[in-house]
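Open the model in your viewer and keep the sequence beside it. The stops below say what to select and what is there.

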Amino acid sequence: ERAVRMALEDAQAHDAQRLAEWELEGDRGWMPFGAAEEAIIKDAVGRGSSGCELRVAGQQYWIDLDSLTQTNLATKRARRIRRRGAGS
């Protein structure tokens, strides 16, 4: 069962990386946002909003679509984000 679960998680991570449009610059390079976060960002873009708020792993973040940054609202740490295919 554990091997099946690990294979499924690997496949989901591969699909997320392949299908993701939005990425975050983490400590180990660029990585895709999760599907739920991606949907929130795409919705904000579609509405013409300058940003949106995300909750990930118990942390609140502000996604600034003008400056292309993600800011942790508690720590104020900012990281770059990018849209794949948009000069990346």
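Select Arg80 to begin: its relative accessible area is 48%, so Arg80 is partly exposed, a class that lies between buried (under 20%) and exposed (over 50%), with a 1.4 Å probe and protein chains only. This is a predicted model, in which local features need pLDDT of at least 70 and side-chain atom pairs count only at pLDDT 80 or more, while totals for chains, interfaces and linings use all residues. Residues are numbered from 1 along each chain as its sequence is written, and side-chain values use heavy atoms, with hydrogens and water left out.

Add Glu25, which forms a salt bridge with Arg80, the closest N and O atoms being 2.6 Å apart. Glu25 belongs to strand β1 and Arg80 to strand β6, so the pair ties together parts that are 55 residues apart in sequence. Salt bridge here means a side-chain nitrogen of Lys or Arg within 4 Å of a carboxyl oxygen of Asp or Glu; strands (E, at least two residues) and helices (H or I, at least four) are DSSP runs, numbered from the N terminus. Glu25 has 25% relative accessibility and counts as partly exposed.

Next, select Glu23 and Arg84. Their side chains meet in a salt bridge at 3.7 Å, N to O. Glu23 is in strand β1 and Arg84 in the segment after β6 (78–83), 61 residues apart, so this pair too links distant parts of the chain. Is Glu23 buried or exposed? At 6% relative accessibility, Glu23 counts as buried, whereas Arg84, at 34%, counts as partly exposed.

Stay in strand β1 (residues 22–26) and pick Leu24. Leu24 is buried, at 13% relative accessibility. Leaving aside neighbours within four places in sequence, Leu24 is in contact (heavy atoms within 4.5 Å) with several residues, including Trp30, Phe33, Arg79 and Ile81. The C-alpha atoms of Leu24 and Arg83 are 9.1 Å apart, although 59 residues separate the two in sequence.

Now show the largest nonpolar core as one selection: Trp22, Leu24, Phe33, Ile41, Ala44, Cys52, Leu54, Tyr61, Ile63, Leu65 and Ile81, eleven residues. The elements giving two or more residues to this core are β1, α2 (35–46), β3 (51–56) and β4 (59–64). Such a core is a set of buried Ala, Val, Leu, Ile, Met, Phe, Trp, Tyr and Cys residues joined through side-chain atoms within 4.5 Å.

Move to helix α2 and select Glu37. Glu37 is buried yet has no salt bridge, and the nearest side chain of opposite charge, Arg55, is 9.8 Å away; Lys and Arg count as positive and Asp and Glu as negative, with His and the chain ends not counted.

In the helix, also select Lys42 and Glu38, which form a salt bridge with the closest N and O atoms 3.5 Å apart. The two are four residues apart in helix α2, or about one helical turn. Lys42 is partly exposed at 39% relative accessibility; Glu38 is buried at 7%. Adding Glu21 and Arg83 to these two shows a network of salt bridges.

For the last residue, go to Asn72 in strand β5 (residues 69–72). Asn72 is buried, with a relative accessible area of 8%, and its side chain reaches the backbone nitrogen of Thr75 at 3.0 Å.

Finally, show the whole chain, which has two helices and six strands in the pattern α-β-β-α-β-β-β-β.

Technical notes:
A polar contact is a pair of N or O atoms within 3.5 Å; within protein, one must be able to donate a hydrogen and the other to accept it, and residues adjacent in sequence count only if both atoms are side-chain atoms.
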